[in-house]
Amino acid sequence: MTIIRRSAVILLHDGVMAAAAFLLALALRLGGNPYDYSPDLVISGTALFTLVSLAVFVAMRLYLAVWRYASIGEVFQIARAAGLAVLLYVLCLFFITRLEAMPRSALPIAWILLVALMGGSRLAYRVYKDRGVRGLFTPPAVKRGLIPVMLVGASDGAELFIRAMIGGLRTPYRIVGLIDDKGTRVGRRIHGLTVLGSAEDLAIVYERLRAA
């Protein structure tokens, strides 16, 4: 599966989660079938919330993260994206309908549900792959240390090295990027680090990093 197809599947998943979070938030807030309260809010409101959410997710490039290495740090990034999506939705809906018929308290509920659905599915996939929760508590990769290194192989070995470097109190290394020896994860992210190219692109990536 190419990166474009993977990204499309992830965006489709996140769009479905956004729609589900909005509808569930309305149902929890209203205590019944939201369609009985306002059919227009259910249809147009869900569509608008989903589109706004997808726009934010694309802008923040959530679709590039590799679910195999999802962590709690990624959930915090999802929480920021979901918060921005809710805020932009409120602004859009205010200019369209002045927030008529929109239960205000449903918005924070939608934010909580969206974070839970998107983050939960990613973490569940990681737990399934690892058969445990040990790898979840890895913060986004930080660039520290004086010795720049570029990891070749965007797989379990590289992820273990990143986790070991992050877990150490002091480290001389500063990871500047990843190279995927198989070429299947180019452009995606592992703990906040971008896979910059395949093994064939090593010289080009090296020159690009030197010029940066």
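User: Leaving aside its neighbours within four places in sequence, which residues is D14 in contact with?
Analyst: This is a predicted model, in which local features need pLDDT of at least 70 and side-chain atom pairs count only at pLDDT 80 or more, whereas totals for chains, interfaces and linings use all residues. Residues are numbered from 1 along each chain as its sequence is written, and side-chain values use heavy atoms, with hydrogens and water left out. D14 is found in helix 1, helices (H or I, at least four residues) and strands (E, at least two) being DSSP runs numbered from the N terminus. With contact taken as heavy atoms within 4.5 Å, the partners of D14 beyond its sequence neighbours are L54, F57, M118 and R122.

User: Is D14 buried or exposed?
Analyst: A residue is called buried under 20% relative accessible area, exposed over 50%, and partly exposed in between (1.4 Å probe, protein chains only). The relative accessible area of D14 is 0%, so D14 is buried.

User: Which residue forms a salt bridge with D14?
Analyst: A salt bridge here requires a side-chain nitrogen of Lys or Arg within 4 Å of a carboxyl oxygen of Asp or Glu, and by this rule the count comes to two. For D14 the closest N and O atoms of such a pair are 2.9 Å apart, and the partner is R122. This pair links distant parts of the chain, 108 residues apart, since D14 belongs to helix 1 while helix 5 holds R122.

User: Which residue meets R122 in a salt bridge from helix 4?
Analyst: R122 is itself buried, with a relative accessible area of 2%. Its side chain takes part in a salt bridge with an N to O distance of 3.3 Å, the other side chain being that of E74. The two partners are 48 residues apart, with R122 in helix 5 and, in helix 4, E74.

User: Which residues do salt bridges with shared partners join into one network?
Analyst: E74, at 11% relative accessibility, counts as buried. Through salt bridges that share partners, a single network is formed by D14, E74 and R122.

User: Which helix gives the most to the largest nonpolar core?
Analyst: A nonpolar core is a set of buried Ala, Val, Leu, Ile, Met, Phe, Trp, Tyr and Cys residues joined through side-chain atoms within 4.5 Å. The largest has 33 residues, and those with the most contacts inside it are F22, F49, F57, Y89, M102, L114 and M118. At least two residues each come from helix 1 (3-30), helix 3 (39-59), helix 4 and helix 5 (106-130). The greatest contribution, nine residues, comes from helix 4.

User: How many residues are in the second, separate core?
Analyst: This core includes Y69, I162, I190 and V195, and its size is 13 residues.
In soluble globular proteins, nonpolar side chains tend to be buried together. Of the protein's 212 residues, buried ones make up 42%, while the count for the second core is 13 residues.

User: How far apart are the end C-alpha atoms of helix 4?
Analyst: The expected span of a helix is 1.5 Å times one less than its number of residues. For the 26 residues of helix 4 (residues 72-97) this should give 38 Å, and the model agrees, with its end C-alpha atoms separated by 37 Å.

User: Which residues make the nonpolar surface patch that includes L88?
Analyst: Patches are made of residues with over 30% relative accessible area and no salt bridge, like charges being joined within 9 Å and nonpolar side chains (Val, Leu, Ile, Met, Phe, Trp, Tyr) within 5 Å. L88 lies in helix 4 and, at 31% relative accessibility, counts as partly exposed. Accessible areas come from the Shrake-Rupley method with a 1.4 Å probe, and for residues only the protein chains shown count as cover. The patch covers about 550 Å², and its members are L84, L87, L88, L91, F94 and F95.

User: Which residue with a positive phi follows helix 4?
Analyst: The residue lies in the loop between helix 4 and helix 5. Its phi is about 60 degrees although it is not a glycine, and it is R98.

User: What is the relative accessible area of R61?
Analyst: R61 sits in the loop between helix 3 and helix 4, and it has a positive phi of about 55 degrees although it is not a glycine. R61 counts as partly exposed, its relative accessible area being 43%.
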